[in-house]
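These are my notes from looking through one model, entry by entry. I wanted to record the sheet, the surface and a few backbone oddities.

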Amino acid sequence: MKKLFTTLSNIWKIEDLRVRITNTLLFLLIYRVGSFIVLPGVNAAALHSEKAKEGLVGLLNMFAGGSFSRSSIFALGVMPYISASIVLQLLGIAVPYFIKLQKEGESGRNKLNQWTRYLTIVITALQAVGYLRSQVTPDTMLLPNPYFTVLNVFVLTAGTLFVMWLGEKITDKGIGNGISLIIMTGIIAELPSAFLVEFQSRTGGAGGLITFIVEIVALLGVVMFTILIVQGTRKIAVQYAKRIVGNKQYGGVRQYIPLKVNAAGVMPIIFAQALMFIPATVSQFFPNASSNSALIALSNPNSWEHNLTFGILIILFTYFYTAITVNPNQMADDMKKNGGFIPGVKPGKSTADYIDAVISKITLPGSIFLAIIAIVPAFASMVGVSSMFARFFGGTSLIILVGVVLDTLQQIESHLLMRHYDGLMKTGRIKGRSSIPTAAGATPPVI
């Protein structure tokens, strides 16, 4: 306990760190206040918030911190920006123009960021129309159409752009990745209510207090397992040749390339979840297909068919996303230019093949463990855990929470160590996701 108070005192002593943490909290407070401001022309008292609790809509509502179900001006959150970032990242491996931008260094990244903002506006406008038609019922509208739709398309688009601006300000003047922190804030905002609902249901007779304590212990175990997956690395030794410049000697030391066991992060789960909602969508648009037993099984998140397919998709997408974000050829070229080599491996193509083989080997267990984490909420629901609380037992939300917290703590620890204070841990150092090697010029995922 004394170590904790000493660390907090050291953090407060560093003026730059104190200002950054304060700025971050204030920006996040602005975001949370805005999430309760209802769209103009919407009757807040008549909203049907229960519609946004299950399926893909429930997932989006959790990421938006409940703004989705409240018809807030921030209802779409940062998800359009995430979608735009993913699209630009995929274009960066197929379209020559974007491939060229990725190789132009800082100027290329600035242009890619500008393209991401433009694409965010387009995606947000399209999603805003779909949101107003599907989530805002006629009985909640206080203004006539099409005036209501046109007005709120502009409001929702402006809201998403403002949230995106807040995220960039947090990154520049705060601590941690702004977009990631906004998503994490939305997820954590749903945790107290889910915790309370589960506690009341258990103490009210469905299992008792002992069952609730067992659930908390199981949750802590899953969190620890997730931390191991997020932090797991395979180090490849790299030797640099000695160079003598004037009277000084450079190089001649051994360093390591830390290859992440889970280099793809949470993106494979997001891609797989998007595909797993297709059967339910098909059954809605084609009523005759709703009686198909295969569609029924795939649409049921607690069925073994759904979870097996979900797990296989996660494994496949993990390999796919790792292949487009980690570039062994570029890593080998960079080592060769800087006079580095892997002991026992020839520079150039042999080095690239060796790195690629190592990545392939560590990606398999990483993808399997990621699939296990993703389907844990389904097993939690099967044993009686409420659907709201079960979401925190794994899946997208837990991996985002663990990754963002580790990244933020790593930045705080870096500030402490630069000022010659002790780190946040007695032994070792906190590692975030920033050590993931990406393709040349590629923008790492924001979540």
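Before turning to the helices I fixed one term for myself: an angle between two elements runs from 0 to 180 degrees and is taken between their N-to-C directions, along lines fitted to C-alpha atoms. I also keep in mind throughout that this is a predicted model.

**Entry 1, overall.** I counted elements and found 17 helices and five strands in the protein. Of its 447 residues, 45% are buried. When I took the contacts between residues at least 6 apart in sequence, 71% of them joined residues at least 24 apart. The exposed area came to about 22500 Å², of which carbon and sulfur atoms supply 66%.

**Entry 2, the sheet.** I followed three strands through an open sheet and noted the order β4-β1-β5, with antiparallel pairing. Because β4 (254-260) and β5 (340-341) stand at the edges and have a single partner strand each, one side of each is left without a neighbour in the sheet. Helix α14, residues 328-337, packs on this sheet and touches β1, β4 and β5, while its direction makes about 170° with that of β4. I then looked at how β1, residues 233-240, meets β5, and found two bridges in the antiparallel sense; Y240 stands opposite G340 of β5. Helix α15, residues 349-382, lies across β1 and β4 and runs at about 165° to β1.

**Entry 3, a nonpolar patch.** On the surface I looked up a nonpolar patch of about 740 Å², made by F195, L196, F199, L209, I210, I213, V214 and V217. Two elements, α8 (178-203) and α9 (208-231), give two or more residues to it, and the largest share, five residues, comes from α9. I checked L209, which has its place in helix α9: its relative accessible area is 45%, so I class L209 as partly exposed, between the limits of 20% and 50%.

**Entry 4, backbone oddities.** Most residues other than glycine have a negative phi, and most peptide bonds are trans. Against that background I noted S71, which is not a glycine yet has a positive phi of about 50°. S71 lies in the loop between α3 (55-63) and α4 (79-91). Is S71 buried or exposed? With a relative accessible area of 1%, S71 is buried. I also noted that the peptide bond from N145 to P146 is cis, with omega near 0°, and that P146 sits in the loop between α6 (105-135) and α7 (147-173).

Definitions and conventions. Residues numbered from 1 in each chain as written. Predicted model: local features only at pLDDT ≥ 70, side-chain atom pairs only at ≥ 80, totals over all residues. Heavy atoms only, no water. Pairing = 2+ DSSP bridges. Helix = DSSP H or I, 4+ residues; strand = E, 2+ residues; numbered from the N terminus. Contact = heavy atoms within 4.5 Å. Patch = residues over 30% accessible without salt bridge, like charges linked within 9 Å, V, L, I, M, F, W, Y side chains within 5 Å. Areas by Shrake-Rupley, 256 points an atom, 1.4 Å probe, with all protein chains shown as cover. Salt bridge = Lys/Arg side-chain N within 4 Å of Asp/Glu carboxyl O. Buried < 20%, exposed > 50% of the residue type's maximum accessible area, 1.4 Å probe, protein only.
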